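Student: I should like to understand the terms used to describe a model such as this one. May I ask how each term is justified?

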Amino acid sequence: MKKIFNYLATVALIAGAVTFTACNDDDDKTPVVTYEQEDQMARPAINTVFIPSGTAKDVFNETIPSAMGTAYATAFAARLDALNGVTYPGNALGQSRTDFAGLLATDVLNVSLTATTSFYDGTNVLTGRALGDDVIDTELLLIFGGTAGSSNPGLTSDNVDANDKAFLGTFPYLAAPF
Amino acid sequence: MKITNKMKMLGAAFLVVGASGAYLIAADHIDAPGVTGAGPSSIGSDITDVYAFAKGDNIVFVVNTQGLLSPAASATATFDEEVMLEINIDNSATKDNVEDLVIQATFENGKVYVHGPVAPVTTGLTSTLVGNTSVSADVTAYGETPVIGTEGSMKVFAGPREDPFFFDLVRYKEIIAGTASSFNEVGSDTFAGTNVMSLVIELPKSQVGTGTINIWATSNRKN
């Protein structure tokens, strides 16, 4: 790149005050535009619930998913303990403390290309995320509900069950803005 | 999913929760200082929610940004031309959580341009645009009928939409702060009446993989 600039500078000097015209040399390529990652998200509220405030949230957003498990599984397990006030007992999906923390720590959304797509609909678990899925209740149940799903009943649903506007039947599916 | 049992007192458990009250906000609306800003001050790189759902033989990806927009703020909200939104797709057999395909969306002069799905130039935190534009459309203005870009079997929409996310965030924050011990019997959706800037892309499932894939969305700022 520096070589190109030097070359262009030389051409400009030769051209003097004359209107500069682009050279057709092979070096005259459009610079490659690069982008740096700032935010990252897959499953709902993972960064929000499991990562402490401040720069730690930015660090999570800039950790590639393939490195998240190693970086965050232990901390997520501790966070599950803190939220419950006791050692996290496991959840109604049969996942142990280690299983669930490991699953959540790698923040990707699993999407089935064959099954019904839902975050959780009573049958399908983590096969996608539909617009109307009550993802918060699913997460609250798995975080607070214990192995039978019946622990901490005041914490396993926020009692907001649906969106406040109907979705569209056709593309782009999301409702018109308020 | 609804738990209908009567509430139980949680007592001492919440002393612990109360001590860790630093974890707030929700879905990923204004989740991190580097991308924070609610409503009109929200910056274009803050992803609020990601959705992926089937429509027949197609898969639909939704990436919502700029949460908690009021109607007034929505009327003037724009996509940041310095920000590229990317849907990362791991369709490997081993599910190594490294992107095998990316779908990229850039915004320029009131239009959205979609690239991919195609293999990324490099994986990881630095991205370059891949291939040619697959489909494009005018960004839909507030109050306007959705403008849908179609090219072959791929569709794109970009513009303000009602935020599909719902959560009694206010009550959750009170619980985490230790000032409440349970959700209310009738919750209040903190996100009611608010909008987001949405990117919606629909394409055949066959273009993204087979069986099961893992996806995640990223926002990426131009260097």
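Student: Over which residues of chain B does pLDDT stay under 50, and how many contacts beyond four places in sequence does the model have for them?

Tutor: In this predicted model, pLDDT, the predictor's confidence in each residue from 0 to 100, stays under 50 over residues 1-25 of chain B. The model has 51 contacts beyond four places in sequence for that stretch, two residues being in contact if their C-beta atoms, placed from the backbone, lie within 7 Å. Residues 37-42 of chain B also stay under 50, with 14 such contacts. Where pLDDT is low, the predicted coordinates should not be read in detail. Chain B nevertheless averages a pLDDT of 86, and 81% of its residues score at least 70.

Tutor: Residues are numbered from 1 along each chain as its sequence is written, while chains are lettered from A and ligands numbered from 1 in the order in which they are written. In this predicted model, local features need pLDDT of at least 70 and side-chain atom pairs count only at pLDDT 80 or more, whereas totals for chains, interfaces and linings use all residues.

Student: What makes strand E2 of chain A and E11(B) a pair?

Tutor: Strands are DSSP runs of at least two residues, helices (H or I) of at least four, numbered from the N terminus. Two strands pair if DSSP finds at least two bridges between them. Strand E2 (residues 109-112) of chain A and E11(B) are joined by 4 bridges and run antiparallel, so the definition is met. Within this pairing, Leu109(A) stands opposite Ile215(B).

Student: How many residues of chain B are in contact with chain A?

Tutor: In chain B, 94 residues are in contact with 75 residues of chain A. Strand E11 (residues 212-222) of chain B supplies the largest share of that side, 11 residues.

Student: Why is Tyr72(A) called buried?

Tutor: A residue is buried if 20 or more other C-beta atoms, placed from the backbone, lie within 10 Å of its own, exposed if 12 or fewer, and partly exposed in between. Tyr72(A) is listed as buried in H4(A), which means that its count is 20 or more. Helix H4 (residues 65-84) of chain A also bends by about 55° at Tyr72(A), the angle between axes fitted to the seven residues ending there and the seven starting there.
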